[in-house]
Amino acid sequence: GDSGKSVRGGPVSWLSFLLLLVTGGGIIVYYDKEKKRHIEELKNSTNSVKPAQSVGTAAIGGPFTLLNHDGKTVTEKDFLGKWTLLYFGFTHCPDICPDELQKMAAAINKISKSIQSCFA
């Protein structure tokens with residue numbers, strides 16, 4: 001009669017499959033609801049932020065006093081009539097500084113070429 005037939009059934013029953021679908025669906029609905037709630041919170045917090053009133057203005061331009069690579073004092077008067085590029089970098093920056101120095105060198109080369117073509 002029952003040669004080779006399982007007494008209990010397969011490893012996945014219809015009940016376990018139904019429980020899997022209900023649990024998975026519940027998790028998806030919960031995740032979607034929480035995601036929408038989080039997005040709404042972000043929108044509300046962004047809308048509630050008011051721009052702050054700025055105080056003063058940026059200190060760009062005007063007289064300055066700096067130390068050069070030899071430790072001597074340098075002022076804006078030392079650069080009158082000359083092209084000047086001031087770069088405030090980092091004391092140690094193996095990733096950014098080399099790229100920025102290449103950009104500055106390219107800019108200086110372009111300026112030099114345009115100045116030479118004006119006097120040619």
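**A short tour, starting at C93**

Select C93 and you will find a residue that counts as buried, because its relative accessibility is 13% (buried means under 20% relative accessible area, exposed over 50% and partly exposed in between, with a 1.4 Å probe and protein chains only). Before moving on, note that this is a predicted model in which local features need pLDDT of at least 70 and side-chain atom pairs count only at pLDDT 80 or more, while totals for chains, interfaces and linings use all residues. Residues are numbered from 1 along each chain as its sequence is written, and side-chain values use heavy atoms, with hydrogens and water left out.

Around C93, show the loop between strand 2 (73–75) and helix 2 (97–119), where this residue sits. Helices (H or I, at least four residues) and strands (E, at least two) are DSSP runs numbered from the N terminus.

Next, pick C97, which lies in helix 2. C97 counts as buried because its relative accessibility is 11%. Leaving aside residues up to four places away in sequence, C97 touches Y87 and F90; contact means heavy atoms within 4.5 Å. An unreviewed UniProt entry places a "binding site" at C93 and C97; such positions use the numbering here, feature names are shortened, and annotations may be inferred rather than shown by experiment.

Now go to residues 12–31, which the unreviewed UniProt entry gives as "transmembrane region". This stretch is 90% helix and 0% strand, with its end C-alpha atoms 26 Å apart.

Finally, zoom out: the protein has 2 helices and 2 strands, running α-β-β-α from the N terminus. Buried residues make up 3% of its 120 residues.
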